[in-house]
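Thanks for coming, everyone. Please have the model up on your screens, and we will walk through it together.

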Amino acid sequence: QVQLVESGGGLVQAGGSLRLSCAASGRTFGSYVTGWFRRASGKEPQFVAAISRNGGRTNYADSVKGRFTVSRDNAKNTAYLQMIRLTPEDTAVYYCAADRAIHNDYVTLMLNDYDYWGQGTQVTVSS
């Protein structure tokens, strides 16, 4: 089992940057694929990015490709989401999630595949 805590959200102007962190408890974080999702007010949750357990494979939603970068440091039990050139459309609560990985290249975009979730961190981008 793993517990996740996000941090790094806040208010930023359009064009600005933020880096979100997802700190995991336990010593098996490296066994889990990590995903980032977001939920804007009144909308369904949306996949943002995911990274395989060893960091060798990543996947991004089309809306964030080229602007967001997902990474992880298993020694620190932490995953990151670097976000640049933010727009008001990026405003949402951002969640990290973890799913026990089948193999090193395993990455899933499916919300229902993830068993563990953080509490979320608010990102607000002003125009």
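Start with how much is hidden: buried residues make up 43% of the 127 residues in this protein. Keep in mind that the model is predicted.

Now the overall dimensions. Along the principal axes, the C-alpha atoms fill a box of roughly 40 × 25 × 25 Å. The radius of gyration is 13 Å, and a compact globule with 127 residues would have one near 14 Å, so the protein agrees with that expectation. The accessible surface comes to about 6,400 Å². Carbon and sulfur atoms hold 45% of that surface.

What is the chain built from? Zero helices and eleven strands. Read along the sequence, the pattern is β-β-β-β-β-β-β-β-β-β-β. How far apart in sequence are the contacting residues? Take the contacts with a separation of 6 or more: 60% of them are between residues 24 or more positions apart.

Let's go to strand β8, residues 78–83. Five of its six residues are buried, so β8 is largely enclosed by the rest of the structure. Which strands pair with it? One is β3, which runs antiparallel to β8 and is joined to it by six bridges. Within that pairing, Leu20 has Leu81 of β8 as its bridge partner. Another is β7, residues 68–73, also antiparallel to β8 over six bridges. There, Phe68 stands opposite Met83 of β8.

Look at how β7 gets to β8. The two form a hairpin, with four residues between them. Asn77 sits in that turn and has a positive phi of about 55 degrees.

Back to β3, for the disulfide. The structure holds one. Which residues does the disulfide join? Cys22 and Cys96, with the sulfurs 2.0 Å apart. Cys22 lies in strand β3, residues 18–24, and Cys96 in strand β9, residues 92–100. That is a link between distant parts of the chain, 74 residues apart. The link is right-handed, with 65 degrees about the S-S bond. Are these cysteines buried or exposed? Cys22 is buried, because its relative accessibility is 0%. Cys96 is also at 0%, so Cys96 is buried.

Two loop residues next. First, Ser52. Find it in the loop between β5, residues 46–51, and β6, residues 58–60. Buried means under 20% relative accessible area. Ser52 has 0% relative accessibility, so this loop residue counts as buried. What does its side chain meet? A polar contact of 3.1 Å joins the side chains of Ser52 and Asn54. Set aside neighbours within four places in sequence, and Ser52 is in contact with Val33, Arg57, Arg72, Asn104, Asp105, Tyr106 and Val107.

Second, Asp90. This one is in the loop between β8 and β9. Why does Asp90 count as buried? Because its relative accessibility is 2%, and the cut-off for buried is under 20%. Its contacts, not counting residues up to four places away in sequence, are Arg38, Arg67, Phe68, Arg85, Val123 and Val125. Phe68 you have met already, opposite Met83. One more distance: Asp90 and Val64 are 26 residues apart in sequence, and their C-alpha atoms are 8.8 Å apart in space.

To recap. The protein has eleven strands and zero helices. Strand β8 pairs with β3 and with β7. One disulfide joins Cys22 to Cys96. And two loop residues, Ser52 and Asp90, are buried. Over to you for questions.

Terms used:
Residues numbered from 1 in each chain as written. Predicted model: local features only at pLDDT ≥ 70, side-chain atom pairs only at ≥ 80, totals over all residues. Heavy atoms only, no water. Buried < 20%, exposed > 50% of the residue type's maximum accessible area, 1.4 Å probe, protein only. Polar contact = N/O pair within 3.5 Å; in protein donor to acceptor, adjacent residues only side chain to side chain. Contact = heavy atoms within 4.5 Å. Disulfide = S-S within 2.5 Å. Pairing = 2+ DSSP bridges. Rg over C-alpha atoms; globule rule 2.2 N^0.38 Å. Areas by Shrake-Rupley, 256 points an atom, 1.4 Å probe, with all protein chains shown as cover.
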